[in-house]
Amino acid sequence: MERLDESFVFASIRPREPDSHKGSYGHVLLAAGSRRYRGAANLAAEGALRAGAGIVTLAAVEPVIAAAAARLPECCLLPCPEGPDGGLGAAAADSLLAARQKATVLLMGPGMGNTPDTRALVRALAAGAACTVVLDADALNAAAAMLAAGEPLPRPAAGFELILTPHPGEMARLTGLAPAEIAADRPGVAARYAEMWGCTVVLKGHHTLIAAPDGRLWQNTTGNAGLARGGSGDVLAGMTAGLAACGLPAPEAAACAVWLHGAAADRCARRLGQYGMLPHDLLADLGAIFAENYR
């Protein structure tokens with residue numbers, strides 16, 4: 001197991017070429033948010049934009065779209081039908097499948113709600129996608145329900161990569177292991193399931209672990225308890241998708257996002273304190289880190 005550090009991150013993320021354009025840095029399609037969790041979609045979208053994605057399209061219900069339009073004018077918007085639980089309805093599948101054709105990365109889950117509609121959309125969109133797929137939050141709960149029902153893990157088409165970003169509770173639901181079993185051997189669990197599932201696993205927590213399907217395993221060295229609040233994971237999911245859109249392979253995109261997320265949190269804590277800092281505050285510190293390394 002390797003410990004992540006700054007040299008790894010900035011050897012993996014290359015400077016932007018002077019003659020590049022928005023298409024050079026990929027297109028993230030983000031399916032996120034619901035009436036109850038409107039902020040999650042905004043945090044994930046801004047995380048993807050601040051991590052460098054060329055285009056981010058947020059597919060969401062109208063209340064979430066309205067909030068994003070007010071906060072993030074850079075974000076493209078795809079209004080979708082609402083389901084009975086206030087999130088993306090299963091009827092959104094056709095428009096999302098059309099949008100998926102242009103995506104470099106599909107990110108699903110932040111704030112979607114753990115509903116039958118979410119499960120239907122994950123089943124329809126993640127499986128067979130011709131792009132990198134990132135499953136976070138309620139998309140992981142949907143995947144866990146599918147696995148429990150004997151269905152395969154939803155994964156993109158052959159040749160494209162899958163990233164899962166579970167916290168310990170979500171990992172327990174995905175694997176069927178007791179939380180105590182996961183806590184007792186976090187590196188072993190992350191590495192075993194990354195290999196078994198053929199994907200990158202980000203097992204979040206103190207010293208987050210990133211396991212690649214080829215056996216590589218990294219332990220994060222940044223971050224603090226100021227991240228222990230709702231919304232932090234939404235920012236991280238967006239950053240992961242953004243770096244993957246920029247062309248980083250899935251394991252490197254996840255590892256760099258985790259380190260940068262924690263490094264930004266450490267700066268933020270020095271400014272605002274661990275009690276006072278909020279997840280959206282991290283994004284200014286993320287920009288400062290990039291500014292110091294890439295002019």
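**View 1. The positions that UniProt lists as "binding site" in this predicted model.** The set comes from an unreviewed UniProt entry and takes in Ala40, Gly111, His167 and Asp234. Of these, His167 and Asp234 also turn up in the lining of the largest pocket. The next two views pick up Ala40 and Gly111, both from that UniProt list.

**View 2. Alanine 40 and its contacts.** Here we're in helix α2, which is where alanine 40 sits. Its relative accessible area is 9%, and because that falls under 20%, alanine 40 counts as buried. Skip the neighbours within four places in sequence, and alanine 40 still has Pro110, Gly111 and Asp234 in contact. Gly111 and Asp234 are also on UniProt's "binding site" list.

**View 3. Glycine 111 in its loop.** Now over to the loop that runs between β5 (105-108) and α5 (116-125), home of glycine 111. Glycine 111 is buried too, at 9% relative accessibility. Leaving out residues up to four places away in sequence, glycine 111 touches Gly33, Ser34, Tyr37, Ala40 and Asp138. So the Ala40 contact from the previous view shows up here from the glycine 111 side.

**View 4. Arginine 38, back in helix α2.** Helix α2 spans residues 38-50, and arginine 38 is part of it. With 35% relative accessibility, arginine 38 is partly exposed. Its contacts, not counting residues up to four places away in sequence, are Pro63 and Val64. Look for isoleucine 65 as well: 27 residues separate it from arginine 38 in sequence, while the C-alpha to C-alpha distance is 8.7 Å.

Technical notes. Residues are numbered from 1 along each chain as its sequence is written. This is a predicted model: local features need pLDDT of at least 70, side-chain atom pairs count only at pLDDT 80 or more; totals for chains, interfaces and linings use all residues. Side-chain values use heavy atoms; hydrogens and water are left out. Helices (H or I, at least four residues) and strands (E, at least two) are DSSP runs, numbered from the N terminus. Buried means under 20% relative accessible area, exposed over 50%, partly exposed in between (1.4 Å probe, protein chains only). Contact means heavy atoms within 4.5 Å. UniProt positions are given in the numbering used here, feature names are shortened, and annotations may be inferred rather than shown by experiment. On a 1 Å grid over the protein atoms alone, a cavity is a set of points where a 1.4 Å probe fits but cannot get out, and a pocket is an open set with protein on both sides within 12 Å along at least five of seven lines; lining residues have an atom within 4 Å of a point.
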